[in-house]
Amino acid sequence: MICRLLVLGGFLFLCLATAAGPAVADEATDADAARRAVDRAVEFLQKTQEPDGAFASYAGPGVTAVVAKSLKYLESCVRPDGGVYAKDSLYRNYETCLAIMVFAEANREGRYDKIIAAADRYVKGLQWDDGEGHKEDSDSYGGA
């Protein structure tokens with residue numbers, strides 16, 4: 001599951017980062033292509049992972065350690081406001097939401113409980129509610 005989230009998250013971030021590019025004629029086709037690309041990447045990772053969890057046991061734990069290294073990187077992006085995003089990011093909400101999913105999957109023995117709770121508060125704090133003048137019957141209520 002973590003592999004799927006990492007692949008999907010990276011792919012989605014690239015899509016957002018290039019959103020300012022030329023208009024796409026058929027968004028459904030692009031969405032299908034994106035889904036197929038992610039599915040192929042996950043399928044590859046699943047096929048190549050060995051029963052003991054390694055991706056290349058003959059080469060040692062280096063390749064498998066990528067996940068641990070990725071988690072450490074995500075931890076380094078935890079901000080004082082509770083968000084999990086890169087410095088000066090334009091995608092703070094998006095990056096934090098993806099990080100919550102990854103930390104939740106990797107949360108063995110409650111290791112990431114505090115980070116997840118703070119990130120949850122951060123995302124909820126971004127949502128539009130009475131503080132921004134939106135009432136519960138507003139179409140914008142709960143948006144961000």
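Reader: What pattern does the protein follow when read along the sequence?

Author: Happy to start there, and please keep in mind that this is a predicted model. The protein has five helices and zero strands. Read along the sequence, the pattern is therefore made of helices alone, since helices and strands are the elements counted here. Written out, it is α-α-α-α-α.

Reader: Which element has the highest mean pLDDT, and which the lowest?

Author: For the protein, the mean pLDDT is 80, and 79% of the residues reach 70 or more. Confidence drops over residues 15–20, where pLDDT stays under 50 and the model has three contacts beyond four places in sequence. Among the elements, the highest mean, 96, belongs to H5, and the lowest, 51, to helix H1 (residues 2–17).

Reader: How much of the protein is buried?

Author: A residue counts as buried when its relative accessible area is under 20%. The protein has 144 residues, and it exposes about 9800 Å², of which carbon and sulfur atoms supply 58%. By that cut-off, the buried share of the residues is 23%.

Reader: Among contacts between residues at least 6 apart in sequence, what share joins residues at least 24 apart?

Author: A contact here means heavy atoms within 4.5 Å. Taking the contacts between residues at least 6 apart, the share that joins residues at least 24 apart is 48%.

Reader: Let's look at H5. What span does this helix reach from its first C-alpha to its last?

Author: H5 covers residues 113–126, which gives it 14 residues. At 1.5 Å a residue, the expected span is 20 Å. The helix comes close to that expectation, reaching 20 Å.

Reader: Why do the buried residues of H5 lie on the same side?

Author: The buried residues of H5 are Ile115, Ile116, Ala118, Ala119, Tyr122 and Val123. They lie on the same side because they cover only a limited arc around the helix axis. In general, an α-helix has 3.6 residues a turn, so residues three or four places apart point the same way. For the buried residues of H5, the arc is only 165°.

Reader: Which residues of H5 are exposed on the other side, and which helices do the buried residues pack against?

Author: On the other side of H5, the exposed residues are Lys114, Arg121 and Gly125. The buried residues pack against two partners, helix H3 (65–76) and helix H4 (92–105).

Reader: Which residues of H4 are buried?

Author: H4 has 14 residues and reaches 20 Å from its first C-alpha to its last, close to the 20 Å expected. Its buried residues are Glu95, Thr96, Leu98, Ala99, Val102 and Phe103. They sit on the same side of H4, because their arc around the axis is only 165°.

Reader: Asn93 also lies in H4. Which residues does Asn93 touch, leaving out those up to four places away in sequence?

Author: Asn93 has a relative accessibility of 25%, so it counts as partly exposed. Its C-alpha is 7.6 Å from that of Gly83, and the two are ten residues apart in sequence. Not counting residues up to four places away, Asn93 touches Val123, Leu126 and Ala144.

Reader: What kind of aromatic pair do Phe103 and Tyr112 form?

Author: The count of aromatic pairs comes to two, and one of them joins Phe103 and Tyr112. Phe103 is buried at 1% relative accessible area, and Tyr112 is buried at 2%. Their ring centres are 4.7 Å apart and their planes are 35° apart. Planes under 30 degrees apart would be stacked and those over 60 edge-to-face, so this pair is tilted.

Reader: Which residues have a positive phi although they are not glycines, and are they buried or exposed?

Author: One is Asp88, with a phi of about 60°, in the loop between H3 and H4. Another is Glu109, with a phi of about 55°, in the loop between H4 and H5. A residue over 50% counts as exposed. Asp88 at 59% is therefore exposed, and Glu109 at 87% is exposed.

Notes:
Residues are numbered from 1 along each chain as its sequence is written. This is a predicted model: local features need pLDDT of at least 70, side-chain atom pairs count only at pLDDT 80 or more; totals for chains, interfaces and linings use all residues. Side-chain values use heavy atoms; hydrogens and water are left out. Helices (H or I, at least four residues) and strands (E, at least two) are DSSP runs, numbered from the N terminus. The expected span of a helix is 1.5 Å times one less than its number of residues. Buried means under 20% relative accessible area, exposed over 50%, partly exposed in between (1.4 Å probe, protein chains only). The arc is that of the directions from the helix axis to the C-beta atoms. Rings of Phe, Tyr and Trp (its six-membered ring) pair if their centres lie within 6.5 Å; planes under 30 degrees apart count as stacked, over 60 as edge-to-face and the rest as tilted. Accessible areas come from the Shrake-Rupley method with a 1.4 Å probe; for residues, only the protein chains shown count as cover. pLDDT is the predictor's confidence in each residue, from 0 to 100.
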